[in-house]
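Reader: I am new to this one and would love a friendly walk through it. Could you show me what we will be looking at?

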Amino acid sequence: MSVSTLELPLGPPPADPRVSLRTSLLGMKLALAAIGMLFTAFTSAYVVRHALDPDWHAVPMPRIMIANTLALVISSLSLEVYRRHRQERLWLTLSQAMGVLFVAGQVFAWRQLQSRGVYLSNNPHAAFFYVLTAAHGLHILGGLFALGGITVVAQERRFRWLEAASLYWHFMGALWLYLLFLLFGMN
Amino acid sequence: MDVHVAAHQHEAPTGFVRKYIFSMDHKVIGIQYLMLAMVAVTVGMILSVLMRLRLAWPLEKWPMLAHIFPEGFAGGPMTPEFYLAMLTMHGTIMVFFVLTTAPLSGFGNYFLPIQVGARDMAFPFMNMMSFWVTFVAFVVMLMALFATGGAPIAGWTAYTPLSAVGAIGGPGMGAGQTLWVISIAIFCAGSLLTALNFLTTVLNLRARGMSLMRMPLTSWAWFTTAILALLAFPVLLAGGVLLLLDRVGGSSFFIPAGLVISDKHLTNSGGSPLLWQHLFWFFGHPEVYIAILPGMGVTSHILSTFSRKPVFAYKAMVGAIFAIGFISYVVWGHHMFMSGMSPYTAMAFSITTMAVGVPSAIKTFNWLATLWKGQIRFTCAMLFSLGFVSLFVSGGVTGMLLAQPAVDIFLHDTYFVVAHFHIIMGVAAIFGIFAGMYYWYPKMFGRLMHEGWGKVHFWFSLVGVYCIFMPMHFLGLAGHPRRYAQLTEFKYLLHLQPLHLFISIAAFITITAQVIFFFNFFWSLKKGKPAGDNPWESTSLEWSIPSPPPFDNFGPIEPIVHHGPYEYSVPGAAKDYIMQTDPPEARP
């Protein structure tokens, strides 16, 4: 492994067949660091904007988002089960279905808010709600693409694809819980 | 299985498109980035010529230019709005498409994998995407230049609320500014892909024996720069998304209540213009180091090579790069001393800013110590690296002055600041690029650039940039504000007009001298002296392979590294340099 050369002037030859798995996972972790920074920046904007505005009116959370959250949690858990027992395809299908359900639920939540007359322009809290959920939603769509790819990619890439996609998907789940707390837990 | 084979199963492409256009080869991508930067720098220079014309001859009408830009001249001298548009686009194009693309994505893409002994970047497809995404960003930026209503006028920092209110904010603030924001957002995405690749490649794809502390300082600089890019660009992206929504979605993230523009009362409320400044500068300050750190790496590398001496205090150099990178995240407030910031906060930012001086001084003194008693070879690359050191000191010293909030209150938004950042960030980084170009050109194209013309280019450039930017310090100290097209109505500035004339003439001569470089670049492609593998008798891995390198860099040989990056003039050794891949017994 090349990292071991940090200590030894001349380490053993790179023999680990899963060394490209390590590369994939490292790339994914770095990508998640960048995504984390994106949402950190949104958070700081949220906090500053909230503190400055005397007319800040928090929008109540659309009820359906409880179901959405549940769907995303189930999706994450079932993906983890699949990652550990890869013979049972059903778990992957469940994970994918729950992911799609989450997106559908989010679209519904948006429409619900719009029908109540809550738009980007007339309420700063709603503006952040739309921005944060849209940014998260786009990342979820990317995640669904990755989950779909697990069974499609060539056999030799499948393992590391699954590992990297799982990492990403769990991160998106955790990010979602954080966003819920930010948007509705602090009011 | 071998690490490189595992990560790179693609074969050498044969078709023209796959080989030169949509190539996944890091070397081709590096050259693509350099070409993009060359086009961008030409556009940026033309814009600066237009500005300098206006400043040197404030009332001249330039019928020929009026013919080309009928709206920009509107029957008289260049309009102030057109001047601001030129200023905005000059800054944006130079900072993003030249100072970020050439030193980091250009040379970094080409030489980082080779220097650490990898056959390609960790994610070649993503690498290809990063270039083409950046290319699209550049095209969109050029569209902003020609947008209906003109190019944006809000400066490269796009301060809100001006940049957020839309067309009502003035000419160019409609479609032009919207395209500007979109371009920057796309650029962020491209830069993130590059950063991701650089970090993964360094951490996971190094050759056998290439421990971190055997990496050349160039690779260390690219690595640190990639960390900065990875963590800074998402913040700009977030700011850009919010700004775009303020512009097209009717939100009020940055637009305060009660704003009246052009006699129209805006309905927005509660937004904070300062929020944009915080988001922008949290990115913006690391961005300054994204531009300059690769230049520092190149300079360390070249000073050592052409002094025939090891870099003085290699470990301290690595530490200093990291320290500068780290501190760059906690200094952004020094751009905002005049924004109504609490004096206590200003003091904190002032202290962190001055702290940058410590690692910077470490680097400078180590450069001087590297030169000390060396057998210096004054090649073009060496001259430009020495020029880099000179400019880095000249521009850095004024940074320490501007870091004092009390001094900054007077100097803020004057030409003193323009002088400071052009020398330290603009010209020093450009000198780093030139040094790298003269140094690596033989490796990239197999032929040497013409040294004689290179030296003419160097002296015109060095004397030229000092003639341009030194007088600007005096303009600033005399209280001359920046960004104005014309201040001839102000008596206290009238006596400074000859200085403007001098600066403009110096600028025209210096810019004309760059033709020598472009000529040398293209002439040497065909007519330059054949370079051989290692014309500079250098030690790092790229000089152990043919020029230009083959598709997978190392051919059938797996590089094994036995030596540190700067083993020059080792006592008792057969030659005055030991290459990193030389067998262990090369060092007696």
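Reader: Is Phe306(B) buried or exposed?

Author: Happy to start there, with the reminder that this is a predicted model. A residue counts as buried when its relative accessible area is under 20%. Phe306(B) has a relative accessible area of 1%, so the word for Phe306(B) is buried.

Reader: Which kind of aromatic pair do Phe306(B) and Trp536(B) form?

Author: The count over all chains comes to 64 aromatic pairs. For Phe306(B) and Trp536(B), the ring centres are 5.4 Å apart and the planes stand at 75°. Planes over 60 degrees apart count as edge-to-face, so the pair of Phe306(B) and Trp536(B) is edge-to-face.

Reader: How many residues apart are Phe306(B) and Trp536(B)?

Author: Phe306(B) sits in helix α10 of chain B, residues 273-307. Trp536(B) belongs to the segment after α19 of chain B. The pair therefore links distant parts of the chain, with a separation of 230 residues.

Reader: And Trp536(B), is it buried or exposed?

Author: The limit for buried is under 20% relative accessible area. Trp536(B) comes to 9%, so Trp536(B) counts as buried.

Reader: What type of pair do Phe445(B) and Phe521(B) make?

Author: Phe445(B) is in helix α16 (residues 415-445) and Phe521(B) is in helix α19, both of chain B, 76 residues apart. Their ring centres are 5.7 Å apart and their planes meet at 80°, so the type is edge-to-face.

Reader: Which of the words buried, partly exposed or exposed fits Phe445(B)?

Author: Its partner Phe521(B) counts as buried, at 1% relative accessibility. Phe445(B) comes to 21%, and partly exposed is the range between 20% and 50%. The word for Phe445(B) is therefore partly exposed.

Reader: How many residues of helix α9 of chain B are buried?

Author: Helix α9(B) covers residues 217-248 and has 32 residues. From first C-alpha to last, α9(B) reaches 45 Å, close to the 46 Å expected. The helix is mostly covered, and the number of its residues that are buried is 26.

Reader: Which helix gives the most to the nonpolar surface patch?

Author: The patch measures about 410 Å² and is made by Trp57(B), Phe460(B), Leu501(B), Ile505(B) and Ile509(B). Ile505(B), for one, is partly exposed, with a relative accessible area of 40%, and lies in helix α19 of chain B. The helix that gives the most, with three residues, is α19 of chain B.

Reader: What is the distance in the salt bridge between Arg83(A) and Glu163(A)?

Author: Side chains of opposite charge can pair when their charged atoms come close. Arg83(A) is in helix α2 (residues 64-84) and Glu163(A) in helix α5 (residues 155-185), so the bridge ties together parts of chain A that are 80 residues apart in sequence. Both residues also belong to a network of salt bridges with Glu80(A) and Arg84(A). From N to O, the distance between Arg83(A) and Glu163(A) is 3.0 Å.

Reader: Which residue forms a salt bridge with Arg308(B)?

Author: Arg308(B) is in the loop between α10 and α11 of chain B, and its partner is in the segment after α19, so the pair ties together parts that are 268 residues apart in sequence. At 1% relative accessibility Arg308(B) counts as buried, whereas the partner is partly exposed at 23%. The closest N and O atoms are 2.9 Å apart, and the partner is Asp576(B).

Reader: How many disulfides does the structure hold?

Author: Cys188(B) is buried, with a relative accessible area of 0%, and Cys380(B) is buried with a relative accessible area of 0%. Over all chains, the number of disulfides is zero.

Terms used
Residues numbered from 1 in each chain as written. Chains lettered and ligands numbered in written order. Predicted model: local features only at pLDDT ≥ 70, side-chain atom pairs only at ≥ 80, totals over all residues. Heavy atoms only, no water. Disulfide = S-S within 2.5 Å. Buried < 20%, exposed > 50% of the residue type's maximum accessible area, 1.4 Å probe, protein only. Helix = DSSP H or I, 4+ residues; strand = E, 2+ residues; numbered from the N terminus. Expected span 1.5 Å × (residues − 1). Patch = residues over 30% accessible without salt bridge, like charges linked within 9 Å, V, L, I, M, F, W, Y side chains within 5 Å. Areas by Shrake-Rupley, 256 points an atom, 1.4 Å probe, with all protein chains shown as cover. Salt bridge = Lys/Arg side-chain N within 4 Å of Asp/Glu carboxyl O. Phe/Tyr/Trp six-rings, centres within 6.5 Å; stacked < 30°, edge-to-face > 60°.
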